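User: I would like a close look at one part of this model, with its surroundings worked through step by step. Please keep the answer brisk.

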Amino acid sequence: MNVIFGLDLDGYTSPRPATAAGHLMTGPKGLLNLLETRLGLRGRYPHDSLRVIEYLDCLRHCDTGTRFYSRSLAVDELAVAQTLLDWRDTWIEAGWRGTTAGSASQRLSDLAVVEQEARQLLSPGLADRLRSIAKHLRESGDIGITLTLIDDPTDLSFAWREIIGHLPTTQLDAPFLPDPLPESSGDLAALQESLLHNSPCRLHGDGSVQLLTAANETMLADGLVSLLADESLRAETTVIRGNRSHVLDLAFSGHNLPITGSAAPSPWRPHLQILPLALSLIWRPLDPYRLLEFLANPVSPLPSFCRQRLAKVVAEYPGIGGDRWHSAIEEIKARAVERADGDTMEAKRIEELIAQWLTTAVYDPDQGAPPEVLADTCALIAQWAVARAITLEEEKPAEAILYSAAGAQARLAGQLLKQLATSQRDRIGRLQLNRLIDQVTAEGTRRTDQYPECGHVHIVHAPGACRERNGTVCWYHFTAPNLPARWPWDERELRVLAENGADLPAAERLLQREAAKWLLPARAASDRLIFLQPCSSGGEPTVAHPLWQRIAALTDDTVPRVNLDTVLANNCDTGRLNIAVEPIRPLPLARPKRWWQLGSPALLTCREQESFSSLKAFLESPYQWVLRYHARIRPGSLAEIIDGNRQSGTLLHHLLERLFQPGGFDWQQASNAALTDWVEQTFTDLLHTEGANFLLPGRTPERENLHDMALHACTDLIGQLRAAGVVSVCMEQQVQGSFLGGRVAGFIDMLVTNRKGREALIDLKLGGGSYRADELKENRHLQLAIYSWLRRGETAMLPEPAYYIFSERRLLAQNTDFFPGAEVFAPDDEQGAAALWAAFESTWRWRRQQLDQGQIEVTVTGTESDGRSLAPEGGLAIDEHNDRFNEYATLTGWSEDA
């Protein structure tokens, strides 16, 4: 068998493929597998991450406490083991004999001691396998393989040179394989000659050499694909894919052209997220953001109806185990029984499933968790993933492969954890677990539903893989690459390593090799050479490739530059690209309109029952009322943690619900010390079940401020209630009744009753005391007035309205008749709830008449009110604009500068 071998040829396909037996073009991985097969050395080698654990054991066995790595090992053992194993493998491949004779370096001496241990405990890695192949080749003689070497032998490592020395080898005397293509001409020929001899030249802009730029890689890929729309041109083009190559296939697919299937593996597939997300839930405090990600992940061991319901709860009440959580569990159980046609055992099964995956034991991240417990979680994930893969194998084979990959990763993680457990480690901390998971998931997996399609453009993964000439060469994402780093060892250590067999090339030599490979794409083109550089990538500005700096200097910056944004926007192809552009006529955005006219007013019927929030929208923002309740347009269902003031207010509200729960804390007789203890305990429990995000690192100041607010508010509010002679407190008291538009219902935050049987209702607010004070003084407290009027219909008594402001510790009322300690904001006239109710009904009637005529007012910024916007005399005052909280902003029009 004749093998054409090059360092960058793994996965290479020829632009002119030919069927031939006994011929192979491959790189190091392909030749390694071939040689091991011929020599009978193929086996199931362990994953690299397992070798890290094994090498960690070697480091620990040799650790006397004075080794150069001892202190680092105590801080981050897996990172240290990974780094030192990389050193060791690099040295072995370079020919290191495992000794450090004549060394004065503690690092080398210590690692030589570790190497003696590693020879007994460490599984073979790539370098060890190469050394084993060389050894067997010395003993086996001819194995029927001849090599054609395409790279300079000095560019190969010592281990590869040793292998090649035992095989019949010929050196290719040119950088490219023979081809029938003509020699280049014009600017392209001039540039190739200039690069080859490092001599200056000037280009004349004949279109054979160009630099294409675009705002980002997406626009750049779209331009490249448009350029390759012609099938005959695709057949004569080679593309160096550069970075972010997945964007190329998205562009090819978008233009209905064959994709290359060259997108890099990704660890972010939903199937591969279950392992890290599930393991992140074992730590204390619970991270509700990871919990929500686990529930929102489209791939999950929990059924969709279950996790969607729980995700909504976690988004609003971040945590596990609260009242809302348990209520959701009961709803899920009932739904499970319904879906199982009444099988009550299904309720128990779904409850056990939730407990199995979500109600896990939590461990302190600093003290760590038992590896055996973590391994059990990995085994559970692997079992679930494999079962799903088997189920989907025939119906959805592509998805089954992803489940199999997830199962394989979970099994490997479990294997590593068990290996750690056998090494006398009773705990593994969060940092080390994250390191381990990163090692397991780093490789990721490809999209299994995307394969190279017939007729796709010839594509190579690196400049060094351009070993066959082609008509056009396009270097996509022509930006600064990752350059070889300098060795982490000083000159003395490098000298000792060389004396002990390690042939490590100097950093300068590594850079020279890379620079030589950069010239290959430029020399591989026979008709046209196109560089494509995005101005930004991933939101960050890009840096030009070093080769471009050299080209610009040699050509006196005469390479034509074409901006694809201009070409695609103006259909102005000044660069002779022949890009097919389909003009798209821009359409102006709709401007906001003050009034919408509905042709069928009968569609805007009254609702059977309103709430205060729906009535507020009806009066102040009729368009929102129509869109929400008649068009039934809802915001997207993507759940996210509700943080900030809204959550703080909710937590304080729920704290008061527990404080005034019947049969609970004796708030009427308790001392301040007892109240402080109760708030301390209850508030902490509440955070764990409904406010876990406040327990995360970095949230301590917010948590302490909220705790102080809770303690002071409870103390102050109880003082106000005692002073008012309150004997009964009902939280979330439902009220309902009728008004001229139908039924209305709602919930009073606090309904309190004093010794005389009189009632007051308190609306709880986190802040905004000045605004609420103005409402009371101007008799605009509509929500309190509606609830008071509805309560009057039930009890024949009109409760006193009041606000309590948590952050300001203020009780606001219109008088002191009920609350003697309240701040009074009396209206200027004697009108009270009755007058406000009458104004409400008058305003409602006015809006109803407009809707009956199909007139919908859009009270958004950018519109002007007119005569129809004026409320009737005696009605409520309506602001000109009511869109501060508007979830329909994208539907109501756009300003000119949008």
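Start with Asn-256: does this residue count as buried or exposed, and at what relative accessibility? Then go on to helix 13: which of its residues are buried, and what covers them?

Analyst: This is a predicted model. Asn-256 has 72% relative accessibility. The cut-off for exposed is over 50%, so Asn-256 counts as exposed. Its place is the loop between helix 11 (246-254) and helix 12. Its backbone deserves a check too. Phi of Asn-256 is near 60°, a positive value, and the residue is not a glycine.

Now follow the chain past helix 12. The loop between helix 12 and helix 13 holds Pro-285. A cis peptide bond links Arg-284 to Pro-285, with omega at about 0°. Then comes the start of helix 13. There, a side-chain oxygen of Asp-287 comes within 3.0 Å of the backbone nitrogen of Tyr-289.

Helix 13 spans residues 288-296. Its buried residues are Pro-288, Leu-291, Leu-292, Phe-294 and Leu-295. Viewed down the helix axis, these buried residues fall within an arc of 155°, so they line one face of helix 13. What lies over them? The cover includes helix 12 (274-280), helix 14 (304-316) and helix 16 (345-357).

Take Phe-294 from that buried set. Leaving aside residues up to four places away in sequence, Phe-294 touches Ile-274, Leu-277, Ala-278 and Leu-281, among others. Its contacts also include Ser-300, Pro-301 and Leu-302. Trp-357 and Leu-358 are on the list as well.

Phe-294 also matters for the core count. The largest nonpolar core has 94 residues. Phe-294 is one of those with the most contacts inside it, along with Leu-310, Ile-354 and Leu-358. Helix 18 (residues 397-421) gives the most to this core, with 10 residues. Apart from this core lies another, of 43 residues. Among its members are Ala-724, Val-752, Leu-764 and Ala-822.

For contrast, turn to a strand. Strand 15 covers residues 742-754, and 10 of its 13 residues are buried, so the rest of the structure largely encloses it. Which strands pair with it? Strand 14 (residues 726-739) runs antiparallel to strand 15, and 12 bridges join them. In that pairing, Gln-734 has Phe-747 of strand 15 as its bridge partner. A hairpin of two residues connects strand 14 to strand 15.

Strand 16 (residues 759-765) is also antiparallel to strand 15, joined by four bridges. Here Leu-751 has Leu-761 as its bridge partner. The hairpin of these strands has four residues between them, and Gly-757 takes a positive phi near 85° there. Strand 13 (residues 609-610) pairs with strand 15 in the parallel sense, over two bridges. Val-744 of strand 15 is the bridge partner of Glu-610.

One more backbone case belongs beside Asn-256. Arg-632 has a positive phi of about 55°, and it is not a glycine. Arg-632 sits in the loop between helix 25 (622-630) and helix 26 (645-659). At 67% relative accessibility, Arg-632 counts as exposed.

Conventions: Residues are numbered from 1 along each chain as its sequence is written. This is a predicted model: local features need pLDDT of at least 70, side-chain atom pairs count only at pLDDT 80 or more; totals for chains, interfaces and linings use all residues. Side-chain values use heavy atoms; hydrogens and water are left out. A nonpolar core is a set of buried Ala, Val, Leu, Ile, Met, Phe, Trp, Tyr and Cys residues joined through side-chain atoms within 4.5 Å. Buried means under 20% relative accessible area, exposed over 50%, partly exposed in between (1.4 Å probe, protein chains only). Contact means heavy atoms within 4.5 Å. The arc is that of the directions from the helix axis to the C-beta atoms. A polar contact is a pair of N or O atoms within 3.5 Å; within protein, one must be able to donate a hydrogen and the other to accept it, and residues adjacent in sequence count only if both atoms are side-chain atoms. Two strands pair if DSSP finds at least two bridges between them.
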